[in-house]
Amino acid sequence: MSKQNLKVSVVVATYNHEKYIRHSLDSILSQNVNFDYEVLIGEDCSTDNTAEIVREYANKYPDKIIPFIRETNLGMTENSLDLIMRTKGEYIALIEGDDYWIDCDKLQKQVDFLDTHPDHEACFGLCMIVDQDEVRQPDREKYSGFMKQGGYYTVKEFEEYLLPGQTATSLYRQSSFVGILKDLKESGYDMSRFIDRHLVLAMLSRGKLYNSGEYVSAYRYVLTTDSGSWSSKNDTYSSESLLNYLDGLKDLEVLAHNMGLSVNFDSRRKYEWDKYKKNRSAFNKSEKALIKKKLFFDSNNKFGMLRYRLRHFIW
């Protein structure tokens, strides 16, 4: 691989994706580009045949694919962060092992855009949402947490809990991406909490983010527990998941402040209050108390939150 023309590092985090990893890797290798790119694959100690498939592709494409077969399970965050810190390209593209690109010019278009827009830190596109059989799910797309059309991404969209694009649609500047990770680690930030939303916030603090409005990837939404899909592990509503989510909102507000941005998630807290009211029978007394306390004390405008709650007073 020519290091002089290494433009993009593609980071692939995979775990128990034997049914899907071939399609994901084929979609990467079919890209039409006028530059060199590397593919770093973190195989996170899968219990199926994912590792064997990764080795097969690494042997077949040694000039592009660099495999990291983990001996112990690191978890998605640590697995991905380790790969990112090893990247050497000017840009970083992220894709999980069960998703795939649907545009063979995805990388070329995004590289051309960032090359000609030096004040932009990242660019994104739109994604289809498909099930395990690659059947498109328009209802899930309608209510997804991603931008639904092209344009610039701002703090306003962040406060509405939208992302500029699904992970597989992204292309980031490597210097900014790695620089952010190093800064956070040196500050003592708990990197186990670092997810795509934290990254978007950090990149937003450094420059412009843009969505092309073109469909470039397919996000596989699978709910079976052995699928290896992120969705199968995170699509639940419980006191634990709700409290973790509320903790995440406050964590993002604090992180934004430290990066010179002002982010206020009180509208999200009101939304979660309404959702909690509809589902409160699922919680016991102590869980209800914790949730209500969290919603109140984390609010930036506690009086406003209290007034909102009292409109429909419940215990």
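Reader: In this predicted model, at what angle do helix α10 and helix α11 pack, and which word describes that arrangement?

Author: Helix α10 spans residues 239–258 and helix α11 spans residues 266–279, and their axes lie 11 Å apart. The two helices pack at an angle of about 170°, and angles over 145 degrees count as roughly antiparallel. The word for the arrangement of α10 and α11 is therefore roughly antiparallel.

Reader: Which residues of α11 are met by residues of α10?

Author: On the α10 side, the residues that take part are Leu242, Tyr245, Leu246, Leu249, Lys250 and Glu253. On the α11 side, the residues they meet are Asp266, Arg268, Arg269 and Glu272.

Reader: How far apart in space are Glu43 and Leu246, and is Glu43 buried or exposed?

Author: Leu246 is one of the α10 residues that meet α11, while Glu43 has its place in strand β2. The two residues are 203 residues apart in sequence and, from C-alpha to C-alpha, 31 Å apart in space. Once residues up to four places away in sequence are set aside, Glu43 touches Thr14, Thr50, Ala51, Val54, Phe68, Ile69 and Arg70. Because its relative accessibility is 2%, and buried means under 20%, Glu43 counts as buried.

Reader: Why can the buried residues of helix α2 be said to lie on the same side of the helix?

Author: In helix α2, which runs over residues 50–60, the buried residues are Thr50, Ala51, Ile53, Val54, Tyr57 and Ala58. They share the same side of α2 because the arc they cover around the axis is only 160°.

Reader: What covers the buried residues of α2, and which residues are exposed on the other side?

Author: The cover includes the strands β1 (6–14), β2 (36–43) and β3 (65–69), together with the helix α1 (21–29). On the other side of α2, the exposed residues are Asn59 and Lys60.

Reader: Which elements do the buried residues of helix α3 pack against?

Author: Helix α3 covers residues 76–85, and its buried residues are Asn79, Ser80, Leu81, Leu83 and Ile84. These buried residues pack against β1, β2, β3, β4 (91–96) and α7.

Reader: How are α3 and α7 oriented to each other, and what is the handedness of their crossing?

Author: The contact between these helices brings Leu81, Ile84 and Met85 of α3 to Phe177, Val178, Leu181, Lys182 and Lys185 of α7. The axes are 10 Å apart and the packing angle is about 120°, so the two helices are oblique to each other. The crossing of α3 and α7 is left-handed.

Reader: At roughly what angle do helix α7 and helix α8 cross, and what is the handedness of that crossing?

Author: Helix α7 (residues 174–187) and helix α8 (residues 196–204) have axes that come within 10 Å and cross at roughly 110°, which makes α7 roughly perpendicular to α8. Where they meet, Ser176, Phe177 and Ile180 belong to α7, whereas Leu199, Ala202 and Met203 belong to α8. The crossing of α7 and α8 is right-handed.

Reader: What is the sign of phi in Cys45 and Glu134, and where is each residue found?

Author: Most residues other than glycine have a negative phi. Cys45, although not a glycine, has a positive phi of about 60°, and Glu134 is likewise a residue other than glycine, with phi near 65°. Cys45 is partly exposed, with a relative accessible area of 28%, and Glu134 counts as partly exposed at 36% relative accessibility. The sign is positive in both residues, with Cys45 in the loop between β2 and α2 and Glu134 in the loop between β6 (120–130) and α5 (138–142).

Reader: How many disulfides does the structure hold, and how far from Cys123 is the nearest cysteine sulfur?

Author: A disulfide is a covalent bond between the sulfur atoms of two cysteines. The structure holds 0 disulfides, and for Cys123, which is in no disulfide, the nearest cysteine sulfur belongs to Cys127 and is 15 Å away.

Reader: Which residues does Asn5 contact, leaving aside its neighbours within four places in sequence?

Author: Asn5 has its place in the segment before β1 and is partly exposed, with a relative accessible area of 35%. From C-alpha to C-alpha, Asn5 and Tyr37 are 8.2 Å apart in space, although they are 32 residues apart in sequence. With those sequence neighbours left aside, the residues in contact with Asn5 are Asn34, Phe35 and Asp36.

Key:
Residues numbered from 1 in each chain as written. Predicted model: local features only at pLDDT ≥ 70, side-chain atom pairs only at ≥ 80, totals over all residues. Heavy atoms only, no water. Disulfide = S-S within 2.5 Å. Buried < 20%, exposed > 50% of the residue type's maximum accessible area, 1.4 Å probe, protein only. Helix = DSSP H or I, 4+ residues; strand = E, 2+ residues; numbered from the N terminus. Arc of directions from axis to C-beta. Contact = heavy atoms within 4.5 Å. Axes fitted to C-alpha atoms, helices over the stretch in contact; angles between N-to-C directions. Parallel < 35°, antiparallel > 145°, perpendicular 65-115°, else oblique. Left-handed = near helix turned anticlockwise from the far one by under 90°.
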